[in-house]
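This report looks at confidence, domain layout and contacts between parts. The sequence and structure come first.

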Amino acid sequence: MKRLLRFLFIAIVLFWTFLPIYLMLKVSFSPAEEIMSQNPPLLIHSVTLDHWKDVFQSGNLWQPLTKSLTVAFSVMILALLIAAPAAYALSRISYRLAIGIILFIFFARMLPDVQMAMPVSVYFIRLGLLDANLGLILAHLIRVLPIVTWILLSVFKTIPIDIEEQAEIDGAGRFQIIKRIALPLAMPGIIVSAIFAFLFSWDEFIYAMYLCLGNKTLPLMVYYYVNRAGWFGAATFSTIIAIPVLIVTLLLQRYLKADYLAGAVKG
Amino acid sequence: MQNKWIKLKKDSWKFFFLLPLLLYLAIFTLVPVIRSILMSFEGGNNYAWLFSHFRFRESLVNTILITIFALLFEFLFALAIALFISGGGRRRIIQALILIPLGIPTIVVASNMRYLFDTNGFINTILTRLGVVGIPIDWLGGGALTLFSVVISDMWKVTPLMMLILLAGIERIPKELFEAAAIDGVGFWQRLRYIILPLLKPFITMALIIRGIDTFRIFELPLALAGESFPVLSSFAFFEYRNYNNPHTAAAASTVLFVLILIAIFIYLKLVGLPNEETT
Amino acid sequence: MSLSDSEWGVLRREIIPPFEKANNCKIETMQIEAGDLPQMLEAMSSAKRMELDLFAQDNMNLAQLVDRGLVEDLSRYKKDIPKEVQKNLIGVGIFENILYFMPYRPNVQIVYYNKDAFEKYNLKPPKNWDELLAAAKIFKEKEKVGRVLLKACGSGPTVTQLYEFIVSAGGDPFSFNDPGCIKTFEFLQKLWPYVSRDSLKAKWNTSNDYIARESVYLMQNWPFGINIINKKYKKKNIATYSGFAGPAREAHVIGGEVLGIPRGSKNIKLALVFIKYLQSKEVQEKFVRELSWPSIRTDIIVPLHFESVKNALKHGIFRKHVSYWADFDRYMNEAFVRIVIKGEPVKETLNFYAKQMDQVKKR
């Protein structure tokens, strides 16, 4: 009896989790006349590649795909270059000095995006950064930097300060300490935060909405189709965005910690 | 004196390491926030206008209602799953599968949920087939049903996050407590009531407030599911700016949201405390 | 320009490549929503980097572009417009005797209806407001759900619909409270209980979806959808006609896009050649055939369902160019929500917005 209940519970939770994903895939492979009816069937009756062909032929895919990739990679690299040194320094100063900065970063994670995005887009219009990759990269860093700094701070904290002090006594300079001790020890954490930064930018919607009018990113393409009741375009583009993210999320299971994700995942 | 000077010089690298981040946050976070607060006071009495406007009042009410219901359902559902997973068994695989929604971009979640909640969507198909309803239900036309749809969609995406926080708390509860309880023959509900929930309280507070702040900022789901017929604070601010070309009222609406969030952060610091050395 | 996916497909496959070949150039296209174009042009011109050479813009969003000085004066090239282009379509691009925009694609809404459903209940497609109300009532009575669709989701679609209704009732939309406006809102308030709930989500594109999925049986929309519904979705039971008349007259808003050249563009010559190409018989024929776009030319033989478009164009009206269109749009929408959806009193609410409109006009 108890086993049956357990089984039932798992079944319900998994059904709940996979139903929307299943529908996304199903719609992207279903013939138009099947979905365009009063009561579309739930099960797969026939499969067509039409919508996928449409996506590749419509000329709407490559520009957003390259933009999303370029922006996400740049955000990842810049985030590491700015956040890693800061997090390291922050982990090496006394808590009393650091708390002000830590609180500020904590706040920055919680601020409403629409509040920052609007003035930023007004500035960027004047600077000619609207629709430019650089503008979106700078905007994504607003959200990514606090998160990545936060994760890296907890990573660097785990590196015992004694080892570094010993090395210092042995006459090693700061950069040698970083190169020989801190970086290698923190590498797994740095890689994880790089992937976080990439995914955040890849999924990001609000800043893109404010800053991209003509050169859209992939998430904006989904909205373009949703807005136009383009059921099949929305399904295919959704699949294109979601698949890489799904794979990475599954591989990164171990690192999906509650603390990392707060403020990074939102509804 | 000289020692101190040497130490200061030795530590100067910390300053240069921190500088880029601080500069960035000042220019791109602090300045825009202050700018939008200032803008909200320019060009007339925007706040009086906002609070007299029915769409804004709707968006405020919607935002708060979404937060209340989403937190309630997400908490109950997440607690059930967390308890289940901590109960053992093949948890690794199940946990991996349950966490999948966290990876799905929110706009994709919204698009997927439209397949379910559309008037001719799959939920109505199922309900009609089962004979539960004769007329298709209009989920996304605004009002309570849309609130429900948005809450369900939000739940789908973030329940796993809530679950992770609660799971981390449950795993900190000493095993001996459960063993002692088992010897005394204490039932599941009593264990929940007298052991798990009290010990979990700090984690629950943290989960609720952090999620609450996220839910205040909800944007994609109501925007893509129901657009202007179901405004929330964020989407209202967006429409004011983009559709009506009115940056001042947009700034005022987002400042209202900012104040709500400030209150939530204040409560958080009060109840959970400063981020301490351990949690940072 | 702002197009749907299937429209872009035709443009990119069949219209642009022959031109590129003939003129040895490369044309890059960009999807941009009509409301976003002014902002984008402003951004490019303030950065002194005009990357657009030609744009197509919805004809009700033109005043802003002219007011902000973002478009080139094309008066010199007026003589190059082919003589087969309908004269009344040129006027929409003229502001204070200066031609800023060239015609290439007019549009007019027609009514789509579900033949099977109308036959089932022995109904004829409504020709006036009374018949529209009667049909809506019968559908609601027989099927328990409203099957007539209004565009009630807000912004452009709702305002265009209101504009058309008010002019059909003999009113001036910008007055907000003349007898025509009052008649219109009173009628819509009466009609509202019998329309489909999908109306709340109905815009240009979603409307096509609702009629194709037989969630509604009657709606008004631009003609482009009928091609998709008949061919792509293989729905043969959806037919069209020109539309219904109001108490004063039959009136249909002429929408669509016109072409303009942004100030500061570096390829004006080539852009003009491209405009000519888009206005040519060969291209306009393709637009009609592949996209169901009405044509600017008089010398094009039209397919069958274009009878309805032709009839609708006969009753065509243009929306007045005003620089305060955004405010008008907002107040119209708000009045619609408060009166029609929430059932607030017609006259008081309209008087309130008439006053608001007056203040805006004074500014």
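pLDDT is the predictor's confidence in each residue, on a scale from 0 to 100. The model is predicted. For chain C the mean pLDDT is 89, with 99% of the residues of chain C at 70 or more. The scores for the model are ipTM 0.89 and pTM 0.88.

**Domains of chain C**

Chain C falls into two parts, domain 1 (5-107 + 256-317) and domain 2 (110-252 + 322-362). Taken over C-alpha atoms, the centres of domain 1 of chain C and domain 2 of chain C are 28 Å apart. Domain 1 of chain C puts 19 residues into the contact, and domain 2 of chain C puts in 18 residues.

On the side of domain 1 of chain C that touches domain 2 of chain C, two or more residues each come from α1 (5-23), α3 (63-67), α12 (306-314) and β9 (316-317) of chain C. Of these, α12(C) gives the most, with 4 residues.

**Chains A and B**

The contact between chain A and chain B involves 74 residues of chain A and 76 residues of chain B.

**Composition by class**

The table lists the residue classes for one side of each contact.

| Side | Nonpolar | Polar | Charged |
|---|---|---|---|
| Domain 1 of chain C, touching domain 2 of chain C | 8 residues | 9 residues | 2 residues |
| Chain A, touching chain B | 58 residues | 10 residues | 6 residues |

On the side of chain A that touches chain B, 58 residues are thus nonpolar and 6 are charged. On the side of domain 1 of chain C that touches domain 2 of chain C, 8 residues are nonpolar and 9 are polar.

Definitions and conventions: Residues are numbered from 1 along each chain as its sequence is written. Chains are lettered from A and ligands numbered from 1 in the order in which they are written. This is a predicted model: local features need pLDDT of at least 70, side-chain atom pairs count only at pLDDT 80 or more; totals for chains, interfaces and linings use all residues. Domain bounds come from an automatic or database domain assignment. Two residues are in contact if their C-beta atoms, placed from the backbone, lie within 7 Å. Ala, Val, Leu, Ile, Met, Phe, Trp, Tyr, Cys and Pro count as nonpolar, Asp, Glu, Lys and Arg as charged, and the others, Gly among them, as polar.
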